[in-house]
Amino acid sequence: MSNSSKLLEKAIEQFASLPGIGRRTALKFVLHLLKKNADEVTAFAKSITDLKENIKECAVCHNIADGEICEICADKRRDADIICVVENIRDIMSIEATAQFKGLYHVLGGIISPMDGIGPADLNINTLIDRIMSTDVKEVIFALSATIEGDTTAYYIYKKIKDKENITVSTIAKGISIGNDLEFTDELTLGRSIVNRISFSG
Ligand SMILES: [Zn+2]
């Protein structure tokens with residue numbers, strides 16, 4: 001497919017560079033944008049540049065944030081006694097969609113994977129340990145991939161926090177796909193696995 005307009009072609013290429021978007025869908029988007037008025041298209045483009053320029057990482061949990069602290073950490077109605085440990089911000093979105101968890105999160109930014117050269121120092125693990133040890137957190141829930149890497153990561157963290165007094169460490173039910181397979185887990189199953197979380201025994 002080639003187009004008589006270089007401008008059109010350039011816009012199509014941009015949309016087609018997004019995951020899961022083929023050239024046919026990209027063309028549909030571009031033609032749709034062409035039908036909108038100039039203000040709408042400007043607002044569309046600005047929301048993308050603003051995103052990249054202004055979005056921050058939460059100083060507490062490493063979630064995305066508009067300011068210093070993310071909306072979840074800043075929400076006083078949430079239960080600060082519980083921290084749910086996840087790999088990435090997409091996991092937060094999935095868990096939030098279940099409406100079954102009212103605690104706080106901590107985003108590791110990945111999991112320990114020696115095969116990929118990812119060690120504890122490459123992840124937000126030290127900030128998590130500091131957070132757990134220096135606050136009144138009473139429960140830590142691991143919501144990591146049901147893989148060897150996920151287990152290794154959970155165990156690594158568990159060893160560092162298990163001696164803290166009055167702390168409960170739990171994990172979402174085994175067999176729940178979270179992390180990379182998250183999109184295959186439905187909200188109901190994920191929600192249930194958080195409510196019926198099991199004790200993490202190492
Ligand atoms: Zn936060």
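Here is a chat between a colleague and a modeller about how the labels on this predicted model were reached.

Colleague: Before we start, what kind of model is this, and how are residues numbered?

Modeller: The model is predicted, with local features needing pLDDT of at least 70 and side-chain atom pairs counting only at pLDDT 80 or more, while totals for chains, interfaces and linings use all residues. Residues are numbered from 1 along each chain as its sequence is written, and side-chain values use heavy atoms, with hydrogens and water left out.

Colleague: What makes the zinc site tetrahedral?

Modeller: Start with the donors, meaning N, O and S atoms within 2.8 Å of the metal (3.2 Å for Na, K and Ca); water is not among the atoms, so sites may look incomplete. The SG atoms of Cys 58, Cys 61, Cys 70 and Cys 73 coordinate the zinc ion at 2.3 to 2.4 Å. Four donors count as tetrahedral if all angles lie between 85 and 135 degrees. Here the angles are 105 to 116°, and the site is tetrahedral. For reference, the ideal angle for four tetrahedral donors is 109.5 degrees.

Colleague: How are those donor residues spaced in sequence?

Modeller: The pattern is C-x2-C-x8-C-x2-C. Cys 58 sits in the loop between strand S1 (56-57) and strand S2 (64-65), and Cys 70 in the loop between S2 and helix H4 (71-74), twelve residues apart. Helices here are DSSP runs of H or I with at least four residues, and strands are runs of E with at least two, numbered from the N terminus.

Colleague: Are Cys 58 and Cys 70 buried or exposed?

Modeller: Both Cys 58 and Cys 70 are buried, which means under 20% relative accessible area (exposed is over 50%, partly exposed in between; 1.4 Å probe, protein chains only).

Colleague: Why is His 62 called buried?

Modeller: His 62 has a relative accessible area of 13%, so it counts as buried. His 62 is in the loop between S1 and S2, and has a positive phi of about 70° although it is not a glycine. Most residues other than glycine have a negative phi. Ala 99, in the loop between helix H5 (89-98) and strand S4 (103-107), also has a positive phi, near 60°.

Colleague: How do you know that the length of H7 agrees with what a helix should span?

Modeller: The expected span is 1.5 Å times one less than the number of residues. Helix H7 (residues 148-161) has 14 residues and should span 20 Å; its end C-alpha atoms are 20 Å apart, so the two agree.

Colleague: And what makes you say that its buried residues line one face?

Modeller: The buried ones are Gly 150, Thr 153, Ala 154, Ile 157, Tyr 158 and Ile 161. Seen down the axis of H7, they fall within an arc of 135°, so they line one face. That arc is taken from the directions from the helix axis to the C-beta atoms. They pack against strand S3 (79-86), helix H6 (125-134), strand S5 (139-142) and strand S6 (168-171).

Colleague: Why are the buried residues of H2 put on the same side?

Modeller: In H2 (residues 23-35), Ala 26, Leu 27, Val 30 and Leu 33 are buried. Their arc is only 125° around the axis, which puts them on the same side of H2. Arg 24, Lys 28 and Lys 35 are exposed on the other side. Helix H1 (6-16) and helix H3 (38-54) are among what covers the buried residues of H2.

Definitions and conventions
Contact means heavy atoms within 4.5 Å. Four donors count as tetrahedral if all angles lie between 85 and 135 degrees; four count as square planar and six as octahedral if opposite donors are over 155 degrees apart and all others between 65 and 115; anything else is irregular.
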